[in-house]
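Me: I've got a structure to go through before lab meeting. Can you walk me through it?

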Amino acid sequence: MLAEIATTARCKLKMFKSKTTSPNEPSPVPGHPDLDGTGMHITLNPSSRATSPSAMVCKPSATPSPTPSANPPAPIGHNQASAKSINNNNKSSSNSKANSKPSCKGGGNGDDGGGTKIPQKKHKNLDEESDIIGELIGDYGKWQFVMTFLLSLFQVPNTFHIYSPTFQAADKSFWCRRPTHLDDVPIDRWRNVTGSVENCRMLNYDWNALTSAQLSMSNFSLPKNLTDTVACSAWEFDALDNLGNTWSSEWNLVCDKEYLKNVAEMFFLAGVATGGITSGVLSDKFGRKMMLFISAVLQSIFGLALYFADSFEFYLVLRALLGIVSVSVTYAGLILAIEYVDGKWRTIAGMYNLFPLPVSYIMISGIAYLTQDYRNLQLCIGLPGVFLCLLWFVLPESPRWLLCKGRITEVKEVIRKAAAFNKRTLPDNLDKLLKPPVDEEETAAGVCELFRSKYLRLVTFCFLCIWFTMNLVYYGLVLNMNSFGGNIYLNSALAGLVEIPAIALAMYIINRTGKKWLFCATFFAAALACLCAAIVEGKPEFLAMKITFVMIGKFTISAGNTIMPVYTAELYPTAIRNVGVGACNLAAGFALILTPYLSMLTKIEDHLLMTLLTAWCIFGAIVIIFLPEGMQHHEHEEHDEDK
């Protein structure tokens, strides 16, 4: 699931590998190769500004630094992506006057006059950054693998909670309740005699005056002039449909109350949108680890409290609170995972954070089949979060966030443990190497910046449409799996199974071909699959074929969902990337709120749901055509350089 509003960066990690240079020679800026051959930078938002006398101070340079190309953030589970704390900030500190020469000093990670030099990595692009922490503990080693794997486990309860209504709110067969003394009358006979209209109304007759023997007689009939109907006051539900007790049977959410099931899911997704606005700011202020575990504890409390909820109103409130904290778990965990690694692994760490999602789809399908009761299912999906809270004693705080906050003692403790686990030797002058970055003065980027130039207006408008479309189609398929016919448990497990190779394939191809046309192809392929499913809709003999087409659509749209945040971040310039991706997530939030209501389309017309998804896929593919392959130089960049 998951929408976010990115915050404007106020503190950047500027930790360059410094080399001794001549007065007339600019110091090279080494960096780590990314998947796209571009650098990536972690942007932090501390509440206080740290300064250091040994931080880098550069005089104006005659030659401007290379313009950075965007390095994307990794996407997240409820298919949403996180770009809140990932920013490619490898731009020059200023654009200089002519004929002046650079002279940079600072407590970098080079030789500080007597300390041990850290081996310099070769083949770094000049427009990429490297930070001291990556040089000390390595870009990616055993320690990073273990930590990022443990963090990915937090995606499991998140996926459980967003996907649980597929089973908890499943439609059940129902009919007007029989009087107690008529309980032995066959259901079909009762429904035929009472003249039930869509099982919501029945003939206005004194049914207590009849006996079961009378109703069982084949020649029994009511007066022919009896045509008035009344609304049913209570209902019975099919106990043999392998769905068990659901929201419908617990609170009689049928007929004129059926819409409340969609309201319950809308409350959760509205909570997700709300949490996306605040979670990043709180994470930057109080720390990634602190925010992660506070949210995880609250998630466990709210998740288990739903097991005991005895009124639907209380259930709605808990679902909304659960949505707020669940998205906070997603964002804080993803940021923490990305800040544990360096170089190209920042993108990869975020992308493989998606793998628990399809596995969780499969797991919850099995749990729902075994429990067949919405309360027991809620208990089972709420318990894993309790055990994950114990990882507080295992997972450290982000060393990069700690360094930006000036908490050097804690940074050294994390680095020593990580370096020992990775079997790396630390230099003797560790205290001198770990210097908080000097906060640079930046102009806050607002939403208006997204429309400053023709290029930005094009990119912003297109991505607002694309993010809305992607989330509508992706979650339209995921959250309405019970509307496609067939076995709901098998369909859900297959939907998770097909997403695993989709994510893996997208990760493999994304940096070996152009993102634009690959992204466009996923939409067209999903449109074709949804169109084929719409054609065979309503034909029971083609049910297996329909499910096959739906799974193909799920496969292709899942691949596109992996590419989308990567491509988005690449087309926005560094200064407004967070604002741009945040605006796109807001559009995604509107789509999420609408998705629970898509299931109602099949009740209007059988083909309507898949036809609508087909149309949106085609629309998304057409919009992508207008986008450039990569970020272009435009007026906004020139404006920033002049500043």
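Reply: One term to start: buried means under 20% relative accessible area, exposed means over 50%, and partly exposed is in between, with a 1.4 Å probe and protein chains only. This is a predicted model, where local features need pLDDT of at least 70, side-chain atom pairs count only at pLDDT 80 or more, and totals for chains, interfaces and linings use all residues. Residues are numbered from 1 along each chain as its sequence is written, and side-chain values use heavy atoms, with hydrogens and water left out.

Me: OK. What percentage of the residues count as buried?
Reply: 56% of the 643 residues. The protein exposes about 26,400 Å², and carbon and sulfur atoms supply 62% of that area. Areas come from the Shrake-Rupley method with a 1.4 Å probe; for residues, only the protein chains shown count as cover.

Me: How many helices and strands?
Reply: 24 helices and six strands. They are DSSP runs numbered from the N terminus: helices are H or I with at least four residues, strands are E with at least two.

Me: Start with α2. Which of its residues are buried?
Reply: In α2, residues 142–152, the buried ones are W143, Q144, M147, T148, L150, L151 and S152.

Me: What covers them?
Reply: The cover includes α1 (132–137), α3 (155–163), α9 (288–308), α10, α12 and α15 (408–421). Contact here means heavy atoms within 4.5 Å.

Me: You mentioned α10. Where's E339, and is it buried or exposed?
Reply: E339 is in helix α10, residues 312–340. It counts as buried because its relative accessibility is 0%.

Me: What does its side chain make a polar contact with?
Reply: The side chain of R288, at 2.9 Å. A polar contact is a pair of N or O atoms within 3.5 Å; within protein, one must be able to donate a hydrogen and the other to accept it, and residues adjacent in sequence count only if both atoms are side-chain atoms.

Me: New topic: cavities. What's the volume of the largest one?
Reply: About 70 Å³. On a 1 Å grid over the protein atoms alone, a cavity is a set of points where a 1.4 Å probe fits but cannot get out, and lining residues have an atom within 4 Å of a point. Points are joined across faces, edges and corners, and the volume is the space filled by probe spheres set on them.

Me: Which residues line it?
Reply: F167, Q168, L243, N245, T246, A368, T371, Q372, D373, Y374, L377 and Y489. The elements giving two or more residues to that lining are α4 (165–168), α12 (356–371) and α13 (374–388).

Me: What's the lining like by class?
Reply: Six nonpolar, five polar and one charged. Ala, Val, Leu, Ile, Met, Phe, Trp, Tyr, Cys and Pro count as nonpolar, Asp, Glu, Lys and Arg as charged, and the others, Gly among them, as polar.

Me: Now backbone oddities. What's the phi of N252?
Reply: Positive, about 55°, although N252 is not a glycine. Most residues other than glycine have a negative phi. N252 lies in the loop between α7 (247–251) and α8 (259–286). With a relative accessible area of 27%, N252 is partly exposed.

Me: And what about K423's phi?
Reply: Also positive, about 60°, and K423 is not a glycine. K423 is in the loop between α15 and α16 (430–433). K423 counts as exposed because its relative accessibility is 70%.

Technical notes
1 Å grid on protein atoms, 1.4 Å probe; cavity = no way out; pocket = protein on both sides within 12 Å on 5 of 7 lines; lining within 4 Å.
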